Amino acid sequence: VQLQASGGGSVQAGESLRLSCAASGRIFSITDMGWYRQPPGKQRELVAGIDSGGIAEYADSVEGRFTISRDNPENTVFLEMNSLKAEDTAVHYCLARMIESWGGPYRRYWGQGTLVTVSS
């Protein structure tokens, strides 16, 4: 199983970016998907998560600016980031909780990081 993240880049404060993360390989079912980020010199933190039914949760710092969504048939999760601030600068990681076959255990898989840099 692989998670491939894309969409990071460098923008000015106030601009927008859209991150994507597609899961591929042997996948039977994906429950939760989400995005974490790790700012320079800080610990990794949850940005947003979404369950298979589309119920989403956000960190207070991004509520109202970021929107998480997913395409279940494509096993893909998105993060629309608007009104970006300098403090949003971080390496962003996607996460998926899934099972590879019926009856198998749920496991968490991480994508490679994608860097978002916001200049003020």
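A charge sits over a ring if NZ of Lys or CZ of Arg is within 6 Å of the ring centre and within 35 degrees of the ring normal. In this predicted model, the charged end of Arg 18 sits over the ring of Phe 78, at 4.2 Å from the ring centre. The protein chain has zero helices and 11 strands. Its cysteines form one disulfide, and its rings form one aromatic pair.

**Overall build**

- Read from the N terminus, the elements of the protein chain run β-β-β-β-β-β-β-β-β-β-β.
- The radius of gyration is 14 Å, close to the 14 Å that the globule rule gives for 120 residues, so the protein chain is as compact as a globular protein of that length.
- The C-alpha trace spans about 50 × 25 × 20 Å along its principal axes.
- Of the 120 residues in the protein chain, 40% count as buried.
- Among contacts with a separation of 6 or more, 55% come from residues 24 or more positions apart.
- The protein chain has an accessible surface of about 6400 Å², and carbon and sulfur atoms hold 46% of that surface.

**The disulfide**

- A disulfide is a covalent bond between the sulfur atoms of two cysteines.
- Here the partners are Cys 21 and Cys 94, with their sulfur atoms 2.0 Å apart.
- This disulfide links distant parts of the chain, since Cys 21 is in strand β3 (residues 17-24) and Cys 94 is in strand β9 (residues 90-99), 73 residues apart.
- The link of Cys 21 and Cys 94 is right-handed, with 50 degrees about the S-S bond.
- Cys 21 has a relative accessible area of 0%, so Cys 21 counts as buried.
- Cys 94 is also buried, because its relative accessibility is 0%.

**Aromatic rings and the charges over them**

- Tyr 36 and Trp 110 make up the aromatic pair, with 5.1 Å from centre to centre.
- The planes of Tyr 36 and Trp 110 are 65 degrees apart, and the pair is edge-to-face; planes over 60 degrees apart count as edge-to-face.
- Tyr 36 lies in strand β4 (residues 29-38) and Trp 110 in strand β10 (residues 107-110), so the pair ties together parts that are 74 residues apart in sequence.
- Tyr 36 has 19% relative accessibility and counts as buried, because buried means under 20% relative accessible area.
- Trp 110, at 37% relative accessibility, counts as partly exposed.
- Trp 110 has a further partner in Arg 44, which lies over the face of Trp 110 at 4.7 Å from the ring centre.

**Two buried residues of strand β4**

- Met 33 is placed in strand β4.
- The relative accessible area of Met 33 is 3%, so Met 33 is buried.
- Leaving out residues up to four places away in sequence, Met 33 touches Gly 49, Ile 50, Ile 68, Arg 70, Asn 75, Thr 76, Val 77, Leu 95 and Ala 96.
- Met 33 and Tyr 109 are 76 residues apart in sequence, while their C-alpha atoms are 9.5 Å apart in space.
- Thr 31 is another residue in strand β4.
- Thr 31 is buried as well, with a relative accessible area of 14%.
- Not counting neighbours within four places in sequence, Thr 31 is in contact with Ile 50, Asp 51, Ser 52, Arg 70, Arg 97 and Tyr 106.
- Ile 50 and Arg 70 are among the residues in contact with Met 33, and both are also among the contacts of Thr 31.

**Two loop residues with positive phi**

- Most residues other than glycine have a negative phi.
- Asn 75 is not a glycine, yet its phi is positive, near 50 degrees.
- Asn 75 is found in the loop between β7 (66-71) and β8 (76-81).
- With a relative accessible area of 24%, Asn 75 is partly exposed.
- Asn 75 is also one of the residues that Met 33 touches.
- Ser 83 likewise has a positive phi of about 50 degrees although it is not a glycine.
- The place of Ser 83 is the loop between β8 and β9.
- Ser 83 is partly exposed, with a relative accessible area of 41%.

Note on methods:
Residues are numbered from 1 along each chain as its sequence is written. This is a predicted model: local features need pLDDT of at least 70, side-chain atom pairs count only at pLDDT 80 or more; totals for chains, interfaces and linings use all residues. Side-chain values use heavy atoms; hydrogens and water are left out. Rings of Phe, Tyr and Trp (its six-membered ring) pair if their centres lie within 6.5 Å; planes under 30 degrees apart count as stacked, over 60 as edge-to-face and the rest as tilted. Helices (H or I, at least four residues) and strands (E, at least two) are DSSP runs, numbered from the N terminus. Buried means under 20% relative accessible area, exposed over 50%, partly exposed in between (1.4 Å probe, protein chains only). The radius of gyration is taken over C-alpha atoms; the globule rule is 2.2 Å times the number of residues to the power 0.38. Contact means heavy atoms within 4.5 Å. Accessible areas come from the Shrake-Rupley method with a 1.4 Å probe; for residues, only the protein chains shown count as cover. A disulfide is a pair of cysteine sulfur atoms within 2.5 Å.
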